[in-house]
Amino acid sequence: MTITEVPQNAAPDTPVSRAPDPVSDAPERISGTPHGVSPIQKRNPIKPGRDRLMTALSLAAAAGGTLVGVIGFAMSYSTLAKVALSWGFSEKLAPWFPVGVDASIIAFLALDLYLIRKDTAWPVLRMAAHAMTGATIWFNASSQGHIAAGPVKAASHGVMPLLFVIGVEAARKLFIKKAQLEAGTAADRIPLHRWILSPIATPRFYRRMRLYGVTSYPEMIRRQQDLIAYEQWLKRKYRGDLGKASEDERLPMKMASYGYTVSDALALPEQQEREAEKRAEEAERRRLAAETRRELAQKKAEADRLEADGELETVRARVEGKTAQARAHARAQTSAAERAAELEEQALETALTAEAKTRTAAAQRQETEHRKAQAAADLEAAELEHRAAEKRKETAEADRIAAAEVQAVETAAIAEARRAATEADRAAAETEKAAAETRRAAAEADRRKAEEEERAATARADAQAARERETETEHRAAERRLAAAEIEQRAVELEDAARLKPRERAARKVARMILQTAGGEADRLPLADIQRELAVTSPATASEYRQEAADLLKQGYRP
């Protein structure tokens with residue numbers, strides 16, 4: 001609060017002004033001050049006899065006012081009813097016209113008094129009641145013709161409503177005064193003699209009382225006396241020169257026009273210092289509170305950020321897990337497809353190799369048969385040569401016998417020559433026979449070798465046929481695995497598109513295993529296969545997966 005601000009509340013009605021604390025050597029009281037003015041005069045309590053008199057007067061006023069009102073409204077009723085007929089109202093509506101006018105006056109005045117009693121007065125009601133009263137007076141006065149023609153008659157008809165309103169105004173004033181007394185806001189009136197004796201200072205005196213809520217005239221007198229006494233004390237202190245007084249000491253003279261007492265004005269600097277300290281403390285407290293809130297907000301924001309980061313990491317780990325699982329499935333399916341393709345390629349190469357080996361075995365078999373035929377031909381030629389050697393031997397024996405027969409006639413030289421020739425022929429025959437035997441043995445060996453090669457070729461052909469059947473079986477198995485891998489890959493893509501959970505994916509995988517390996521019958525699929533394929537250790541879990549897969553197949557699931 002600055003020294004120019006108006007105090008919020010009026011000064012309390014203290015019987016004695018307190019000595020100014022901030023100024024040293026300030027007098028508590030100016031000597032010679034009249035004792036009959038400074039203290040507030042206490043109101044004497046109402047005596048019982050006077051209370052009874054007031055009650056009797058109130059009852060008489062109420063009875064008289066009611067009587068005046070009844071008489072006035074009765075006279076007004078008949079007069080206004082006739083006026084309403086003369087104004088063109090119907091006989092049914094004319095009697096209600098004065099009732100409406102007089103009832104509005106009573107209603108407005110009663111409501112105004114009720115609102116005053118509740119301390120919520122509304123001036124519009126009073127003005128409306130006065131307007132209706134003026135209208136009633138005018139209607140009653142003008143009912144006797146032109147008012148200027150008969151003013152006495154007009155006044156006699158209009159005076160009764162006026163008297164009723166005067167009585168109600170008196171009651172209203174009484175109610176207002178009583179309410180002010182009960183609320184402690186009743187203001188004293190400045191005596192008339194003060195207006196006469198001090199016509200210049202009294203308006204300022206009245207203004208200060210009304211502006212700053214000083215309701216007690218003696219209290220205002222006391223304040224004025226304290227201010228004069230304080231000013232005289234300052235003059236005595238500084239030997240008549242008030243310019244030497246400090247700003248704080250001159251505050252009572254400056255703040256008197258704003259409703260401050262001498263004590264309040266002198267206490268202003270200290271009060272303002274205390275309030276300044278309070279404001280500084282409050283500002284510091286607000287600053288510390290703001291810093292605390294800012295730190296709490298920062299910590300909360302940091303905690304929220306860490307929590308959000310944790311949730312983000314959790315979601316990221318979950319997504320990465322699902323992505324890794326999907327990638328593992330895709331890699332497994334791709335590997336299965338690649339393995340199936342390799343097996344198919346190997347099967348095709350094996351088939352081609354087997355075919356080539358079959359052609360080679362056939363060629364070898366043909367060559368063996370050819371060698372066997374050649375060996376048979378050689379054997380037959382050896383037999384023929386053996387028979388020719390036998391015939392030559394027989395011929396040589398015949399020649400020898402013939403030579404012996406002619407030996408006698410031939411000379412010894414000729415005989416010797418013949419014998420040598422014969423020996424040579426015999427040796428040649430022996431040699432030829434040995435060669436024939438050798439050729440026959442070689443032919444026999446070739447025949448046995450050909451037979452062994454034929455048996456080996458037959459065995460190789462049988463083995464090749466077996467390998468061909470095995471290759472065909474592996475080829476068909478590779479085709480089935482390739483088809484299964486394609487189905488698995490397509491199913492995984494559909495499951496990824498549907499964003500299925502891991503358990504739903506596992507159930508569908510088991511359903512595909514039932515279709516591919518168990519002929520569509522769930523009970524034929526071993527639990528061990530499910531455990532191995534899904535990497536689960538519990539047979540109960542594998543059984544649950546198999547049951548869920550069976551339910552899916554019953555619902556029409558087909559990959």
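Where do E284 and R287 lie, and how many residues apart are they? E284 and R287 are both in helix 10, three residues apart, about one turn of the helix. The views below come from a predicted model, and this pair is taken up again in Figure 3.

**Figure 1. Overview of the helical protein chain.** The protein chain contains 14 helices and zero strands. Read from the N terminus, the order of elements is α-α-α-α-α-α-α-α-α-α-α-α-α-α. The chain has 559 residues, of which 26% are buried. Among contacts with a separation of 6 or more, 62% join residues that are 24 or more positions apart. The exposed area of the chain is about 36,900 Å², and carbon and sulfur atoms supply 58% of that area.

**Figure 2. Salt bridge between E282 and R285 in helix 10.** E282 and R285 pair in a salt bridge whose closest N and O atoms are 2.2 Å apart. Both residues belong to helix 10, which covers residues 268-405. Three residues separate them along the chain, about one turn of the helix. E282 has a relative accessible area of 29% and therefore counts as partly exposed. R285 is likewise partly exposed because its relative accessibility is 47%. Side chains of opposite charge can pair when their charged atoms come close.

**Figure 3. Salt bridge between E284 and R287 in helix 10.** The side chains of E284 and R287 form a salt bridge, with an N to O distance of 2.3 Å. The spacing of E284 and R287 is three residues, about one turn of helix 10. E284 is partly exposed, since its relative accessibility is 34%. R287 has a relative accessible area of 38%, so R287 is also partly exposed. A network is found among other residues: E219, R222, R223 and D226 are joined by salt bridges that share partners. In the whole structure, the search finds 27 salt bridges.

**Figure 4. Salt bridge between E247 and R250.** The closest N and O atoms of E247 and R250 are 2.8 Å apart, and the two residues form a salt bridge. At 45% relative accessibility, E247 falls in the partly exposed class.

**Figure 5. Patch of negative charge on the surface.** D248, E273, E277 and E281 make up this patch. One of its members, E277, is located in helix 10. E277 is partly exposed, as its relative accessible area is 48%. Helix 10 also holds the salt-bridged pair E282 and R285.

**Figure 6. Positive surface patch including K173.** The patch is formed by two lysines, K173 and K177, together with the arginines R189 and R210. K173 sits in helix 4, which runs over residues 151-183. The relative accessibility of K173 is 59%, so this lysine counts as exposed.

**Figure 7. Nonpolar surface patch around helix 5.** L192, W195, I196, L197 and Y206 make a nonpolar patch of about 570 Å² on the surface. Which helix gives the most to the nonpolar patch? Helix 5, residues 192-197, does, with four residues. W195 is placed in helix 5. The relative accessible area of W195 is 33%, so W195 is partly exposed.

**Figure 8. Positive phi at R239.** The phi of R239 is positive, near 55°, and R239 is a residue other than glycine. Most residues other than glycine have a negative phi. R239 is in the loop that joins helix 7 (217-237) and helix 8 (251-255). With a relative accessible area of 79%, R239 is exposed.

**Figure 9. Positive phi at A535.** A535 is not a glycine, yet A535 has a positive phi of about 60°. The residue is found in the loop between helix 13 (527-534) and helix 14 (539-554). A535 counts as exposed because its relative accessible area is 67%, which is over the 50% cut-off for that class.

Key
Residues numbered from 1 in each chain as written. Predicted model: local features only at pLDDT ≥ 70, side-chain atom pairs only at ≥ 80, totals over all residues. Heavy atoms only, no water. Helix = DSSP H or I, 4+ residues; strand = E, 2+ residues; numbered from the N terminus. Buried < 20%, exposed > 50% of the residue type's maximum accessible area, 1.4 Å probe, protein only. Contact = heavy atoms within 4.5 Å. Areas by Shrake-Rupley, 256 points an atom, 1.4 Å probe, with all protein chains shown as cover. Patch = residues over 30% accessible without salt bridge, like charges linked within 9 Å, V, L, I, M, F, W, Y side chains within 5 Å. Salt bridge = Lys/Arg side-chain N within 4 Å of Asp/Glu carboxyl O. Lys, Arg positive; Asp, Glu negative; His and termini not counted. Charge placed at Lys NZ, Arg CZ, Asp CG, Glu CD.
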